[in-house]
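Subject: Two-chain model for you to look at

Dear colleague,

I am passing on the structure we spoke about, and below it I have set out what I found. Please read it with the coordinates open beside you.

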Amino acid sequence: MPVDQSLVGREFPPTQPYRVSAEKVREFSVATDPGRQAVPATFPIVMAFEAMNAFLADVGVELHRIVHGEQRFTYERPIAVGDELTATLAVASLRQIGGNDIIGTRSEIRDAGGELVCTTTATLVHRGGQEGSR
Amino acid sequence: MQVGDVLETQTYAVRRADLVRYAGASGDFNPIHWSDRVATSVGLPGVIAHGMYTMALAARAVATWTDGAEVVELGCKFTNPVVVPDDDTGIDVAVAGIVKSVEDGRVTIALEVTCEGTKVLGAPKAVVRA
């Protein structure tokens with residue numbers, strides 16, 4: 001079932017505040033860049049992914065039908081342990097190509113003071129059609 | 001770093017266990033990254049790496065080359081899946097880089113990320129503070 005075109009421009013509520021802990025950063029570093037102390041550049045995906053999950057649940061799309069098309073990050077400053085961050089997702093674009101929905105999203109990650117820390121855009125490909133038919 | 005510098009290619013083995021660890025660390029539990037049954041049901045050849053895991057490996061190479069310089073931009077398309085076999089060896093992902101520009105205190109690095117000779121990321125690029 002195609003995703004509703006009226007979603008374009010819609011902004012979803014911010015995620016619950018996410019406190020960046022040393023333990024979580026260490027866990028993410030061990031998984032992606034063991035031995036490095038700094039917060040990995042892709043760490044904001046943790047909040048962005050939570051925002052995306054809430055969005056997908058809201059529009060009734062199952063995660064396993066999503067293929068990641070593109071991701072971009074622009075950082076205003078590095079993320080630090082102790083930051084309290086929220087992600088606010090908006091639907092930027094929506095196209096249908098060959099039975100798939102191509103969903104463009106833009107998420108702003110802000111700190112407890114409301115200052116922008118990182119903007120991340122994602123292209124999500126929603127694979128339509130019958131299970132097992134592709 | 002100077003324009004035209006060719007950075008030393010970094011190669012990382014990706015195993016199923018790495019995907020499970022990344023799923024836990026990132027919160028991305030999409031079953032196409034751990035279940036062959038679900039992956040093949042949506043038309044994939046088998047379990048594939050999270051695109052964001054491959055991107056994280058690209059960022060790891062950048063951090064290695066720049067000694068952990070502050071990243072101001074990072075982006076790519078996910079053009080081909082990294083299919084990860086269910087064995088102990090996994091599959092290698094190679095990250096190559098060339099310095100494209102050095103200006104205004106920023107270094108732009110064009111990346112090339114391949115798996116078995118196929119580019120898996122489209123136009124991957126990082127910008128770091130010099």
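In chain B, residues 24 or more positions apart account for 61% of the contacts with a separation of 6 or more, and in chain A the corresponding share is 72%. Please keep in mind throughout that this is a predicted model.

To stay with chain B for a moment, there are three helices and six strands in it, and from the N terminus on these elements follow the order β-α-α-α-β-β-β-β-β. A compact globule with 130 residues would have a radius of gyration near 14 Å, and chain B, at 15 Å, agrees with that expectation. Its C-alpha atoms, taken along the principal axes, fill a box of roughly 50 × 30 × 25 Å, and 39% of the 130 residues of chain B count as buried.

Strand pairing in chain B can be followed from β6(B), residues 121-129, which runs antiparallel to β2(B), residues 71-78, and is joined to that strand by six bridges. Within this pairing, B:Val71 has B:Val128 of β6(B) as its bridge partner. Strand β6(B) is also joined to β4(B), residues 106-115, through five bridges, and these two strands again run antiparallel; here B:Ala110 has B:Lys125 as its bridge partner in β6(B).

The largest nonpolar core has 70 residues, and those with the most contacts inside it are B:Ala58, B:Ala59, B:Val62 and B:Val71. Helix α3 of chain B, residues 51-66, contributes the largest share of this core, namely eleven residues. For a view of how the core is put together, B:Val62 is a useful place to start: leaving aside its neighbours within four places in sequence, B:Val62 is in contact with B:Val71, B:Ile109, B:Ala126 and B:Val128. Two of these contact residues, B:Val71 and B:Val128, are the bridge partners mentioned above.

Turning to chain A, there are two helices and five strands, arranged from the N terminus on as β-α-α-β-β-β-β. The C-alpha atoms of chain A fill a box of roughly 45 × 30 × 20 Å along the principal axes, and of its 134 residues, 37% count as buried.

Helix α2(A) deserves a closer look. At 1.5 Å a residue, its 15 residues should span 21 Å, and the end C-alpha atoms are 20 Å apart, which agrees. The buried residues in α2(A) are A:Ile45, A:Val46, A:Met47, A:Ala48, A:Phe49, A:Ala51, A:Met52 and A:Phe55. What covers them includes β1, β3, β4 and β5 of chain A, together with α1 and α3 of chain B, and the cover of this helix is therefore drawn from both chains. Just after α2(A), A:Gly60 takes a positive phi of about 75°.

One of the residues I followed individually is A:Ala122, which is found in strand β5 of chain A. With 25 C-beta neighbours inside 10 Å, A:Ala122 counts as buried, the cut-off for that being 20 or more. Not counting residues up to four places away in sequence, A:Ala122 touches A:Met52, A:Glu70, A:Gln71 and A:Thr105; of these, A:Met52 is one of the buried residues of α2(A). The C-alpha atoms of A:Ala122 and A:Ile66 are separated by 12 Å, with their positions 56 residues apart along the chain.

Finally, there is the contact between the chains, which takes 30 residues from chain A and 30 residues from chain B. On the side of chain A that touches chain B, α1 (22-32), α2 (45-59) and β2 (66-75) each supply at least two residues, and the largest share, eight residues, comes from β2(A). By residue type, that side of chain A divides into twelve nonpolar, eight polar and ten charged residues. Strand β2(A) is also joined to β2(B) by five bridges, the two strands running antiparallel, and in β2(B) it is B:Lys77 that stands opposite A:Glu70. A:Glu70 is, in turn, among the residues that A:Ala122 touches.

With best wishes

Notes:
Residues are numbered from 1 along each chain as its sequence is written. Chains are lettered from A and ligands numbered from 1 in the order in which they are written. This is a predicted model: local features need pLDDT of at least 70, side-chain atom pairs count only at pLDDT 80 or more; totals for chains, interfaces and linings use all residues. Two strands pair if DSSP finds at least two bridges between them. Helices (H or I, at least four residues) and strands (E, at least two) are DSSP runs, numbered from the N terminus. A nonpolar core is a set of buried Ala, Val, Leu, Ile, Met, Phe, Trp, Tyr and Cys residues joined through C-beta atoms within 7 Å. A residue is buried if 20 or more other C-beta atoms lie within 10 Å of its own, exposed if 12 or fewer, and partly exposed in between; C-beta atoms are placed from the backbone. Two residues are in contact if their C-beta atoms, placed from the backbone, lie within 7 Å. Ala, Val, Leu, Ile, Met, Phe, Trp, Tyr, Cys and Pro count as nonpolar, Asp, Glu, Lys and Arg as charged, and the others, Gly among them, as polar. The expected span of a helix is 1.5 Å times one less than its number of residues. The radius of gyration is taken over C-alpha atoms; the globule rule is 2.2 Å times the number of residues to the power 0.38.
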